[in-house]
Amino acid sequence: MSDYKFFEQVNKAFDNAAQHSRFDKGLLGQIKICNNVYHITFPLERDDGTIEVIHGWRVEHSHHKLPTKGGIRFSMSVNEDETMALAALMTYKCAVVDVPFGGAKGGIKIDKSKYSDRELERITRRYTYELIKKDFIGPGSDVPAPDYATGAREMGWILDTYRQLTSNINSEACVTGKPVPMGGIRGRTEATGRGVYFGIREACENKEDMDELGLELGLPDKTFIVQGLGNVGYHAAKYMIEGGAKMVGVAEIEGSIYDSDGIDLEQLMTFRQETGSIIGFENTKELKNNTAVLEEECDILIPAALENQLNEENAPNIKAKIIGEAANGPTTARAHTILKEKGALIIPDNYLNAGGVTVSYFEWLKNLSHVRFGRLEKRAEETSYKKILTVIENISDRTFTDEEMARLASGAGEYELVDSGLEETMIVAYNEINNLRKKHDIDLREAAFLNAIEKIGVIYEHMGIFP
Ligand code: NAD
């Protein structure tokens with residue numbers, strides 16, 4: 001087991017929380033273990049005709065609910081340990097936000113920037129083929145999604161490969177995070193970052209907790225620093241700013257920048273696209289390396305890039321009072337203890353970045369039902385709102401303009417329904433884990449684990465062990 005450091009770290013956090021549960025060691029062991037681990041190797045013919053061996057993994061952590069669900073990442077850090085740990089985190093995350101899936105994770109050990117688009121397509125399609133052969137993908141068995149360095153394009157390749165090789169009327173539900181014309185759902189791309197925003201906003205709206213941290217109530221005017229301006233980091237920052245918070249620092253691969261007066265996100269994105277770097281943007285100060293900004297002054301720190309970014313070296317110097325773990329596993333166990341001792345509120349990854357899997361769940365439901373959310377009811381809702389507004393007009397002096405009528409009487413479409421489901425999910429789950437935190441005098445990470453353990457443990461109790 002000693003090679004499984006990240007997985008061990010997840011299990012250590014699990015064990016800490018499990019002390020507060022009523023389940024015995026055997027049942028807890030069953031919850032913790034990875035049910036299926038698949039190491040895939042296959043040859044890639046590169047564009048220049050040379051052959052290269054590619055390594056990939058897919059881990060299904062828990063079959064207590066099916067299908068299992070979890071992203072696929074492209075990264076040189078991918079290995080068995082990382083994939084097992086991330087699959088386990090998916091199980092707990094799904095349980096925390098009441099998404100009825102077991103956890104899974106996949107990864108291919110490549111540096112995406114070193115391959116052409118055609119090579120990436122061949123890698124993705126061959127990986128999918130290998131998953132199909134071993135029943136590691138399917139609408140009712142295991143449903144991948146995007147993760148680090150993968151997105152809608154790769155999910156589209158996965159669906160297309162699955163559809164070519166199987167005959168299943170529900171094939172669209174074999175993967176989520178697809179492009180909308182291929183059965184994807186409006187709101188999925190931004191879902192994880194938007195969920196991060198909902199979660200942090202909810203934390204900031206708890207008066208007792210803000211008083212304890214010495215912070216004002218509410219998100220407006222709070223300052224934040226974000227690490228990684230990819231899918232999750234960019235969207236989290238965008239909605240945090242729309243919610244009234246001020247972005248004062250950014251870390252990216254090439255370095256980190258800080259400006260206490262605030263950094264314009266959209267202009268920074270354009271600047272980076274044009275120059276290839278965040279360094280030199282407007283009046284920002286360039287810091288000595290790409291992690292230095294994590295130690296700068298701010299209320300909220302949002303690591304949204306990779307694992308182990310907050311560690312025992314930088315944790316003692318981190319000034320943020322709230323750590324919003326947008327990435328998976330960004331804080332080492334040691335750093336967690338240091339930050340906790342300093343009084344920080346750590347909003348853990350296994351809750352905070354669950355927006356992606358929540359909306360993936362909605363996408364999967366849409367694919368199985370073969371109908372877009374809102375398609376049946378949108379116009380009926382509009383008609384009844386219009387009737388109510390007309391009654392108001394009739395009993396008052398007020399006449400609504402066409403523009404007001406259109407705005408006030410609009411029914412909910414797919415995006416609005418997805419967004420509302422996501423907001424509700426993140427708010428309910430935050431309050432569940434925050435209440436557990438207070439009840440057991442533990443931290444939010446332990447509370448999220450405990451919440452998941454309780455929900456999964458009950459299922460195993462009812463299932464019994466077969467055969
Ligand atoms: P992404 O590839 O879109 O973005 C990652 C960003 O981090 C990139 O902009 C990259 O340049 C930057 N980065 C890489 N190394 C860095 C470093 N050392 N310092 C600063 N920046 C660095 O990936 P993503 O989908 O945004 O995923 C980010 C994290 O969020 C991962 O941990 C992933 O597992 C987690 N996550 C993603 C989703 C999702 O829906 N995409 C869901 C849940 C969790």
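Which element gives the most to the lining of the largest pocket? That would be β3, with 4 residues. Keep in mind that this is a predicted model. The protein is divided into domain 1 (1-33 + 185-377 + 412-467) and domain 2 (35-182), and both of them give residues to the pocket lining, so the pocket lies between them.

**The two domains**

- Domain 1 is pieced together from residues 1-33, 185-377 and 412-467, while domain 2 is the stretch 35-182.
- Measure from C-alpha centre to C-alpha centre and you get 22 Å between domain 1 and domain 2.
- Where the two meet, 46 residues of domain 1 and 45 residues of domain 2 take part in the contact.

**The largest pocket**

- There is about 1,100 Å³ of space in the largest pocket.
- Its lining runs to 48 residues, and the ones nearest the centre are D147, Y148, A149, N231 and V232.
- If you want to find the walls by element, look at β3 (68-74), α3 (80-96), β5 (142-146), α8 (231-242), β7 (246-252) and α12 (355-369), each of which supplies at least two lining residues.
- As for chemistry, the lining of this pocket splits into 19 nonpolar, 18 polar and 11 charged residues.

**The largest cavity**

- Searching the whole structure turns up 1 cavity of 30 Å³ or more, and the largest cavity holds about 30 Å³ of space.
- The residues around the largest cavity are G187, E190, A191, R194, V359, Y415, V418, D419 and L422.
- Two helices, α6 (191-204) and α15 (414-440), each put at least two residues into that lining, with α15 giving the most at 4 residues.
- Sorted by class, the cavity lining comes out as 5 nonpolar, 1 polar and 3 charged residues.

**Helices α1 and α2**

- Packed helices are described by the angle between their axes and the distance between those axes.
- For α1 (residues 5-18) and α2 (residues 25-32), the axes come within 11 Å and cross at roughly 145°.
- The crossing of α1 and α2 is right-handed.
- On the α1 side, F7, N11, F14, D15 and A18 do the touching, and they meet L28, I31 and K32 of α2.
- That contact between α1 and α2 is made up of 5 nonpolar, 1 polar and 2 charged residues.

**Loop residues to look at**

- E297 sits in the loop between β9 (285-286) and β10 (300-303).
- Leaving out residues up to four places away in sequence, E297 touches I225, V248, Y258 and K319.
- E297 and F224 are 73 residues apart along the chain, yet their C-alpha atoms are separated by 8.7 Å.
- P67 is found in the loop between β2 (51-60) and β3, and the peptide bond leading from L66 into P67 is cis, with omega near 5°.
- N308, in the loop between β10 and β11 (322-324), has a phi near 55°, which is a positive value in a residue other than glycine.

Methods. Residues are numbered from 1 along each chain as its sequence is written. This is a predicted model: local features need pLDDT of at least 70, side-chain atom pairs count only at pLDDT 80 or more; totals for chains, interfaces and linings use all residues. Side-chain values use heavy atoms; hydrogens and water are left out. On a 1 Å grid over the protein atoms alone, a cavity is a set of points where a 1.4 Å probe fits but cannot get out, and a pocket is an open set with protein on both sides within 12 Å along at least five of seven lines; lining residues have an atom within 4 Å of a point. Grid points are joined across faces, edges and corners, and a volume is the space filled by probe spheres set on the points. Ala, Val, Leu, Ile, Met, Phe, Trp, Tyr, Cys and Pro count as nonpolar, Asp, Glu, Lys and Arg as charged, and the others, Gly among them, as polar. Domain bounds come from an automatic or database domain assignment. Axes are lines fitted to C-alpha atoms, for helices over the stretch in contact, and angles run from 0 to 180 degrees between N-to-C directions. A crossing is left-handed if the near helix is turned anticlockwise from the far one by less than a right angle, and right-handed if clockwise. Contact means heavy atoms within 4.5 Å.
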